[in-house]
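Good morning, colleagues. Please bring up the sequence and the coordinates on your screens, and I shall take you through the chain.

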Amino acid sequence: MIRHPRSAQPDPITVEIGQVLAPLAVFPWGPLAMHYLGVPIVIGVAMIAVRDEDYQTACQKLKHLGFYEIIPDRTILPEILAAIPDPDQAIEEVAKEYQRLDNSTITFEYPPNHDLSGSLQLTLAPNSFTNLQVPDMTGNVQQDPVSTTGYDIYGNICHPLEEALVESYVRSVIDDENDQNEFSGWGDRLSTWVAMMCGYLEVNNDILDRCSDERAVEWFSVTYGRIHEERFGPLDRRVSKRLGSGREMPVDMRGNLLPT
């Protein structure tokens, strides 16, 4: 797969959530945010952040419109569970690995009569959990979409751009590691999102050069940035036409032509 063009406007899922939660500021996160930037990713859960002070209000707005709270399904496939010596311990470990996510957010199912009911879930998070910096929304942004530092803003919808989104993921990985004292399933998912952005988008070694969080800068450099490149070489972004075929497409993951 290769990247697709950055969206010129929020997708219908984000627009509807923005309308539902208006006038609260909403911040697409996770797959929604990456899809907007051009990452080819499946959206199974719509992740949205709101300001910490708006979190409870946002939850009540959703419940008032028929969204209902659920416990995310972290079950292991039966065929895999059957091959594990201690299934109960495995289930406990999976729950622990997503403990920070599940304890800090609320996941909703869409109302039964909604077109997305059964096919999409909505996870609502406070902004402190996502580590997104709140942008300057002064001025009349209700009429004209504008770009401000780190964001594209459409009314009350604030779409984080590459630098803001990578920083938020990296700082969230560090928060998770501090809680778990080890790399968890949730931390692994966050790291995978960073890897996808590095592969598909113009996210290069300098993406966090302006970040004031030294821990985040070091983590990115060691895991995907300058230090990683010094040790293992540049990221291979070639795309095979068919897995195992040995034949490559003439463009890389970012859609750039490969040298001939």
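P23 is found in the loop that runs between α1 (12-21) and β1 (26-29). The peptide bond leading from A22 into P23 is cis, with omega near 5°. I should state at once that this is a predicted model, and that applies to this peptide bond as to everything else I shall describe.

Let me turn to the chain as a whole. It has eleven helices and ten strands. Its radius of gyration is 19 Å, close to the 18 Å that the globule rule gives for 260 residues, so the chain is as compact as a globular protein of that length. Along the principal axes, the C-alpha trace spans about 55 × 55 × 40 Å. Of the 260 residues, 46% are buried. The accessible surface comes to about 13800 Å², and carbon and sulfur atoms account for 51% of that surface. As for contacts, if we take those between residues at least 6 apart in sequence, 66% of them join residues at least 24 apart.

Next, the interior. The largest nonpolar core holds 68 residues, and the members that touch the most other members are L124, M197 and F220. Which helix gives the most to this core? That is α9, with eight residues. F220, for its part, has contacts beyond its neighbours within four places in sequence; among them are V166, V170, V194, C198, V203, I207 and L208. The list for F220 also includes N204, N205 and G225.

Helix α9 deserves a closer look. It comprises the 16 residues 185-200, which at 1.5 Å a residue should span 22 Å; the end C-alpha atoms are 22 Å apart, in agreement with that expectation. Is α9 largely enclosed or largely open? Twelve of its 16 residues are buried, so the helix is largely enclosed by the rest of the structure. The buried set includes the two tryptophans W186 and W193, together with L190, V194, M196 and M197. It also takes in G185, G187 and G199, as well as S191, C198 and Y200. At the start of the helix, a side-chain oxygen of S184 comes to within 3.3 Å of the backbone nitrogen of W186.

M197 leads us to helix α8, through E162. E162 is placed in α8, and at 13% relative accessibility it counts as buried. Setting aside residues up to four places away in sequence, E162 touches M197, L201, V203 and I207, and also R6 and L37.

A164 lies in this helix too, which covers residues 162-180. A164 is buried, with a relative accessible area of 16%. The C-alpha atoms of A164 and G150 are separated by 5.5 Å, although the two residues are 14 apart along the chain. Apart from residues up to four places away in sequence, A164 touches G150, Y151 and L132.

I come now to N131, which sits in the loop between α7 (127-130) and β6 (146-148). Is N131 buried or exposed? N131 is buried, with a relative accessible area of 12%. Its phi is positive, about 60°, although the residue is not a glycine. The side chain of N131 makes a polar contact of 3.0 Å with the side chain of D175. Leaving aside neighbours within four places in sequence, N131 is in contact with S168, R171 and S172 as well as D175.

My last residue is S104, in helix α6 (residues 99-104). With a relative accessible area of 22%, S104 is partly exposed; the cut-off for buried is under 20%. A polar atom of the S104 side chain lies 2.8 Å from the backbone oxygen of R100. S104 and A125 are 21 residues apart in sequence, and their C-alpha atoms are 6.9 Å apart in space. Beyond its neighbours within four places in sequence, S104 is in contact with Y55, P126 and F129.

To recapitulate, we began with a cis peptide bond from A22 to P23. We then considered α9, which gives the most residues to the largest nonpolar core, and ended with N131, buried and with a positive phi, and S104, partly exposed. Thank you for your attention.

Note on methods: Residues are numbered from 1 along each chain as its sequence is written. This is a predicted model: local features need pLDDT of at least 70, side-chain atom pairs count only at pLDDT 80 or more; totals for chains, interfaces and linings use all residues. Side-chain values use heavy atoms; hydrogens and water are left out. Helices (H or I, at least four residues) and strands (E, at least two) are DSSP runs, numbered from the N terminus. The expected span of a helix is 1.5 Å times one less than its number of residues. Buried means under 20% relative accessible area, exposed over 50%, partly exposed in between (1.4 Å probe, protein chains only). A polar contact is a pair of N or O atoms within 3.5 Å; within protein, one must be able to donate a hydrogen and the other to accept it, and residues adjacent in sequence count only if both atoms are side-chain atoms. Contact means heavy atoms within 4.5 Å. The radius of gyration is taken over C-alpha atoms; the globule rule is 2.2 Å times the number of residues to the power 0.38. Accessible areas come from the Shrake-Rupley method with a 1.4 Å probe; for residues, only the protein chains shown count as cover. A nonpolar core is a set of buried Ala, Val, Leu, Ile, Met, Phe, Trp, Tyr and Cys residues joined through side-chain atoms within 4.5 Å.
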